[in-house]
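Colleague: I would like a close look at one part of this model, and then a walk through its surroundings. Please keep it plain enough for a first-year student.

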Amino acid sequence: MKIKILTLFPKMYDGFLNESIIKRAIDKNICEIEIIDFRKYSKDKSHHVDDTPCGGGAGMVLKCDILDDAINDNKSDKTYKILVTPQGRVFNQSIANSLKEKEEIMLVCGHYEGFDERIRMFVDDEISIGDYVLTGGEIPSMVIADSVIRLIDNAINKESASDDSFSNGLLEYPQYTRPISYKGMDVPEVLLNGNHKLIREYRLKESLRKTYERRPDLLKDRKLAKEEGKLLKEIMEEIK
Ligand code: ADE
């Protein structure tokens with residue numbers, strides 16, 4: 001998979017590209033990331049990329065001709081072009097799963113107060129990472145790229161990806177490691193006896209419990225398997 005990021009602040013990606021799992025994925029050729037400074041598409045000597053809003057008002061607006069040139073110069077027929085904006089559809093695991101299937105994605109980051117509305121015509125999708133406003137699209141683009149890259153085969157251990165919160169529509173079950181007893185809090189006995197059938201059932205039940213307690217919205221449209229229905233009933237009895 002190839003990810004191209006159009007930004008005015010390429011240095012913001014230094015840490016992101018040079019640490020941990022993302023660096024490893026790049027080194028292992030699992031993915032390729034290209035950071036493109038779209039200021040170079042500016043048409044004036046002072047390298048401006050924005051201008052005052054038509055009709056007046058505060059702030060500056062990113063120019064559509066510059067972004068159009070930058071997108072055209074860097075896309076191919078395969079590129080899925082995404083504008084990163086608080087006005088986009090709200091990002092979630094299911095969108096991450098669908099982006100993982102693309103051969104090439106391009107993330108276009110706005111900055112400053114806003115961008116010319118016509119920029120929307122040059123992209124295939126618009127994504128927000130949540131209902132709050134950041135200073136620009138750089139951090140959201142890293143969030144999106146990170147969540148997609150970790151889904152690619154061999155980027156991380158396969159089982160950790162399939163056990164994640166949301167990967168099966170539920171929050172992840174609680175995890176423990178040594179010490180077995182700490183400040184009066186003990187690791188549940190069932191995790192210490194090596195009975196894999198009981199451990200699997202415990203994990204499914206606790207995953208359901210966490211989801212029911214913290215994110216009941218995730219259970220609303222879920223078709224519960226027979227075992228899940230039984231365990232959820234037990235949880236509700238226990239809570240009563
Ligand atoms: N740019 C600024 N805030 C944003 C958000 N919440 N999501 C995506 N892009 C943004």
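Colleague: In which helix is Ser-207 found?

Modeller: Ser-207 is found in helix α7. Keep in mind that this is a predicted model. Helix α7 covers residues 196-214. Is Ser-207 buried or exposed? Its relative accessible area is 5%. Buried means under 20%, so Ser-207 counts as buried. Now look along the chain. Ser-207 and Leu-171 are 36 residues apart in sequence. In space, their C-alpha atoms are 5.7 Å apart.

Stay in helix α7 for one more residue. Glu-201 has its place there too. Its relative accessible area is 28%. That value lies between the cut-offs of 20% and 50%, so Glu-201 is partly exposed. Glu-201 also has a partner to compare along the chain. Glu-227 is 26 residues away from Glu-201 in sequence. The C-alpha atoms of the two are separated by 9.0 Å.

Next, the ligand. Where does it sit? The ligand sits in the largest pocket. Two elements give two or more residues to the shell around the ligand: β5 (79-90) and β8 (125-128). β5 gives the most, with three residues. The residues around the ligand include Val-84, Thr-85 and Pro-86. Also among them are Ile-127, Ser-128, Ile-129 and Gly-130. Tyr-132, Val-133 and Leu-134 are on the list as well.

Which backbone atoms approach the ligand's nitrogen atoms? A polar backbone atom of Ile-129 is 3.0 Å from a ligand nitrogen. For Gly-130, a polar backbone atom is 3.2 Å from a ligand nitrogen. For Thr-85, a backbone N or O atom lies 3.4 Å from a ligand nitrogen. How much of the ligand is covered? On its own, the ligand has 260 Å² of accessible area, and the protein covers 96% of that.

Strand β8 leads to another residue. Arg-120 has its place in the loop between β7 (114-115) and β8. Arg-120 has a relative accessible area of 13%, so it counts as buried. Its side chain has a polar contact of 2.7 Å with the side chain of Glu-126.

Now the cysteines. How many disulfides are there? The count comes to zero. Cys-54 is in no disulfide, and the nearest cysteine sulfur, that of Cys-64, is 9.6 Å away. A disulfide needs two cysteine sulfur atoms within 2.5 Å, so this pair does not qualify. The two cysteines also sit in contrasting settings. Cys-54 is exposed, at 81% relative accessible area. Cys-64 is buried, at 15%.

Last, some backbone details in the loops. The peptide bond from Arg-178 to Pro-179 is cis, with omega near 5 degrees. Pro-179 is found in the loop between α6 (158-163) and β9 (181-182). Asn-29 is not a glycine, although its phi is positive, at about 60 degrees. Asn-29 has its place in the loop between α2 (20-27) and β2 (32-37). With 69% relative accessibility, Asn-29 counts as exposed. Asn-154 also has a positive phi, near 75 degrees. Asn-154 is found in the loop between α5 (138-149) and α6. Its relative accessible area is 60%, so Asn-154 is exposed.

Key: Residues are numbered from 1 along each chain as its sequence is written. This is a predicted model: local features need pLDDT of at least 70, side-chain atom pairs count only at pLDDT 80 or more; totals for chains, interfaces and linings use all residues. Side-chain values use heavy atoms; hydrogens and water are left out. Buried means under 20% relative accessible area, exposed over 50%, partly exposed in between (1.4 Å probe, protein chains only). A residue is near a molecule or strand if one of its heavy atoms lies within 4 Å of it. A polar contact is a pair of N or O atoms within 3.5 Å; within protein, one must be able to donate a hydrogen and the other to accept it, and residues adjacent in sequence count only if both atoms are side-chain atoms. Accessible areas come from the Shrake-Rupley method with a 1.4 Å probe; for residues, only the protein chains shown count as cover. On a 1 Å grid over the protein atoms alone, a cavity is a set of points where a 1.4 Å probe fits but cannot get out, and a pocket is an open set with protein on both sides within 12 Å along at least five of seven lines; lining residues have an atom within 4 Å of a point. A molecule sits in a cavity or pocket if more than half of its atoms lie within 2 Å of its grid points. Helices (H or I, at least four residues) and strands (E, at least two) are DSSP runs, numbered from the N terminus.
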